[in-house]
Amino acid sequence: KVICVVDDYVASQAVYFKRLWPVFEVFTARSENLDIDLALMEDARQRLLREILSNVSGAIVVDVLSATATDPKDEQRIKMLIANDSGAANATNEVVQLVLFDLISFLIKLILKSSYLRDGS
């Protein structure tokens, strides 16, 4: 197992990826199918988290009680089901937001991989 202790999440700014041995070790570990973990230093982790949250957090806000349906009867029935269960609206929002978080995380990974492979970087 290889653990990369990195000082910045931007590879071109991280000392780790400017040094030959660490880059070669990651390449060798991947070639040997070894597990590779990333240990991001706390200040860089906080910067990354702030950047992600500022750009993505608005995309995963769900409010089931504000949602609408084409058929007003459907909307009324669904909202009645939710209203009859204490805390159901919050639970519904949380579940859907977690699903969206997982889906967005997966899409970001696909986009980054696709962009990386297309650019040949």
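Three aromatic pairs are counted in this predicted model (the count comes to 3), where rings of Phe, Tyr and Trp (its six-membered ring) pair if their centres lie within 6.5 Å, with planes under 30 degrees apart counted as stacked, over 60 as edge-to-face and the rest as tilted. The ring centres of Trp21 and Phe24 are 6.1 Å apart and their planes lie at 75°, so this pair is edge-to-face. Residues are numbered from 1 along each chain as its sequence is written. Because the model is predicted, local features need pLDDT of at least 70 and side-chain atom pairs count only at pLDDT 80 or more, while totals for chains, interfaces and linings use all residues; side-chain values use heavy atoms, with hydrogens and water left out.

Both Trp21 and Phe24 belong to helix 1, 3 residues apart, or about one turn of the helix; helices (H or I, at least four residues) and strands (E, at least two) are DSSP runs numbered from the N terminus. Trp21 is exposed, at a relative accessible area of 60%, whereas Phe24 is partly exposed at 45% (buried means under 20% relative accessible area, exposed over 50%, partly exposed in between; 1.4 Å probe, protein chains only). Together with Phe27, these two residues form one aromatic cluster. Helix 1 covers residues 20-31, and its 12 residues should span 16 Å at 1.5 Å a residue, which agrees with the 16 Å between its end C-alpha atoms; the expected span is 1.5 Å times one less than the number of residues. After helix 1 comes Asn33, with a positive phi near 55°.

Salt bridges, defined by a side-chain nitrogen of Lys or Arg within 4 Å of a carboxyl oxygen of Asp or Glu, come to 5. One of them joins the side chains of Arg47 and Asp8 at 3.6 Å, N to O. This pair links distant parts of the chain, 39 residues apart: Arg47 lies in helix 2 (residues 42-56) and Asp8 in the loop between strand 1 (2-6) and helix 1. Asp8 is buried, with a relative accessible area of 9%, while Arg47 is partly exposed at 31%. Within helix 2, Arg45 forms a salt bridge with Glu42, their closest N and O atoms being 3.1 Å apart. Arg45 and Glu42 are 3 residues apart, about one turn of the helix. Arg45 is partly exposed at 37% relative accessibility, and Glu42 is partly exposed at 45%.

In helix 3, a salt bridge connects Arg77 and Asp74, with the closest N and O atoms 2.5 Å apart. Being 3 residues apart, Arg77 and Asp74 are separated by about one helical turn. Asp74 is partly exposed at 32% relative accessibility. Helix 3 comprises residues 72-83, and the expected span of 16 Å for its 12 residues agrees with its end C-alpha atoms being 16 Å apart. Of these 12 residues the number buried is 1, so helix 3 lies largely in the open. The N-terminal end of helix 3 is capped by Asp71, a side-chain oxygen of which lies 2.9 Å from the backbone nitrogen of Lys73.

Helix 4 (residues 88-119) contains Leu107, which is partly exposed with a relative accessible area of 47%. The C-alpha atoms of Leu107 and Met80 are separated by 34 Å, the two residues being 27 apart along the chain. Val99 also lies in helix 4 and is partly exposed at 44%.

Note on methods
Polar contact = N/O pair within 3.5 Å; in protein donor to acceptor, adjacent residues only side chain to side chain.
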